[in-house]
Amino acid sequence: MKYTQGKYILSKKQTLAKQIYDFTVLCPDIAAQAQIGQFVHILPEGKGGFTLRRPISICDIDKEAGTIRLVFQVKGDGTDVISQIPTGGPVDIVGPLGHGFTLTDKNDHVIIAGGGIGVPPLLGLAKYYGKNAVVILGFRNAEAVILQKDFEKTGAKVIMCTDDGSYGVCGNAAGPLKDYIAESDAVMSCGPMRMLEAISVISAEHDVKCQVSLEERMGCGVGACLVCACKLNVNGVERMGHVCKDGPVFDSKEVVW
């Protein structure tokens, strides 16, 4: 796993929804190495004296422009400090980190399913598979919906879901999955654990390969600590792994739910 640490310029910043921010960071060396599904570790600097970095998934990669796009939600003091970095200000980043999605042939028919803040890291997949992808995005309610237009621009079929039925289909992304799974070659997903487990079960029932990106708290981001430990079953042998190093993307059959 090759990664870089440095301070990079925040070239663009906007707010997508309440407490959800969209950063574009100029970091040519990181962008050149980054793969779909990887993440970066950002240090909250200034007020608060934070020592631990915060993991943020890579939403999009522009290798020609030398930028990465980061869409994240403020969940505590650390991400709140990061959200206050002004346009043109420095962002202290370690990355790219982790194991991303294993891409199949572009002509494969895939289902891309995301929930909540697990939606952003899936945008690169939608761009890669385009019209051959069915994208199912789930959110709490209409006010929490983000990135719909970005996904629609990829040419993929986009299905929106909300837990309360205030926008699109009522329920999470696992619901509409059943309508398309029989005609799919693969499923790729990121979001809450319950949703990922349900998607994993449905995929297994139809013998369709499924990759899941897990969300966990992280300390070091490189596998040196035990904060993001997860139980895996690889070739019939159970072992403990690290979401940050072995993942965040796993074959769903290897995850002990």
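The legends below describe several views of a predicted protein model.

**Figure 1. Overall view of the predicted protein model.** The secondary structure of the protein consists of six helices and 15 strands. Along the principal axes, the C-alpha atoms occupy a box of roughly 50 × 40 × 35 Å. A compact globule of 257 residues would have a radius of gyration near 18 Å, and the value of 17 Å for the protein agrees with this. Of the 257 residues, 51% are buried. Among contacts with a separation of 6 or more, 59% join residues that lie 24 or more positions apart in the sequence.

**Figure 2. Surface and charges of the protein.** The accessible surface amounts to about 12000 Å². Carbon and sulfur atoms contribute 49% of that surface. The protein carries 26 positive and 28 negative charges. The mean position of the positive charges and that of the negative charges are 5 Å apart.

**Figure 3. An open sheet of seven strands.** The strands follow the order β10-β9-β8-β7-β11-β12-β15, and their pairing is mixed. Strands β10 (169-170) and β15 (249-251) stand at the edges; each has a single partner strand, so one side of each is left without a neighbour in the sheet. 

**Figure 4. The pairing of strands β7 and β8.** Strand β7 covers residues 110-115, and strand β8 covers residues 133-139. The two strands pair in the parallel sense, over six bridges. Within this pairing, I112 stands opposite V135 of β8. Another facing pair is formed by G115 and G138, the latter in β8.

**Figure 5. The covered strand β8.** Is this strand mostly covered or mostly uncovered? Seven of its seven residues are buried, and β8 is therefore mostly covered, since a residue is called buried when its relative accessible area is under 20%. Residues A133, V135, L137 and F139 point one way from the strand. Residues V134, I136 and G138 point the other way. The residues on both sides of β8 are all buried.

**Figure 6. N132 in the loop before strand β8.** N132 belongs to the loop between α3 (123-129) and β8. With a relative accessible area of 11%, N132 is buried. Which residues does N132 contact, leaving aside its neighbours within four places in sequence? These contacts are K106, N107, D108, H109 and V110. One of them, V110, lies in strand β7, which spans residues 110-115.

**Figure 7. The surroundings of F72 in strand β5.** Strand β5 comprises residues 67-73, and F72 has its place there. The relative accessibility of F72 is 3%, so this residue counts as buried. When neighbours within four places in sequence are left aside, F72 is in contact with Q19, I20, Y21, F23, I56, T79, I82, S83 and I117. L125 offers a further point of reference: F72 and L125 are 53 residues apart in sequence. In space, their C-alpha atoms are 18 Å apart.

**Figure 8. Two cis peptide bonds that lead into proline.** The peptide bond from G95 to P96 is cis, with omega near -5°. P96 is located in strand β6, which covers residues 90-97. A cis peptide bond also joins G247 and P248, and its omega is about 15°. P248 lies in the loop between β14 (237-242) and β15. Strand β15 (249-251) is one of the edge strands of the open sheet.

**Figure 9. Two residues other than glycine with positive phi.** Q19 has a phi near 65°, a positive value. This residue is found in the loop between β1 (4-17) and β2 (20-26). At 34% relative accessibility, Q19 counts as partly exposed. Q19 is also one of the contacts of F72. For N235, phi is near 55°, which is again a positive value. N235 is found in the loop between β13 (229-234) and β14. Its relative accessibility is 79%, and N235 therefore counts as exposed.

How values were computed: Residues are numbered from 1 along each chain as its sequence is written. This is a predicted model: local features need pLDDT of at least 70, side-chain atom pairs count only at pLDDT 80 or more; totals for chains, interfaces and linings use all residues. Side-chain values use heavy atoms; hydrogens and water are left out. Helices (H or I, at least four residues) and strands (E, at least two) are DSSP runs, numbered from the N terminus. The radius of gyration is taken over C-alpha atoms; the globule rule is 2.2 Å times the number of residues to the power 0.38. Buried means under 20% relative accessible area, exposed over 50%, partly exposed in between (1.4 Å probe, protein chains only). Contact means heavy atoms within 4.5 Å. Accessible areas come from the Shrake-Rupley method with a 1.4 Å probe; for residues, only the protein chains shown count as cover. Lys and Arg count as positive and Asp and Glu as negative; His and the chain ends are not counted. The place of a charge is taken as NZ of Lys, CZ of Arg, CG of Asp or CD of Glu. Two strands pair if DSSP finds at least two bridges between them.
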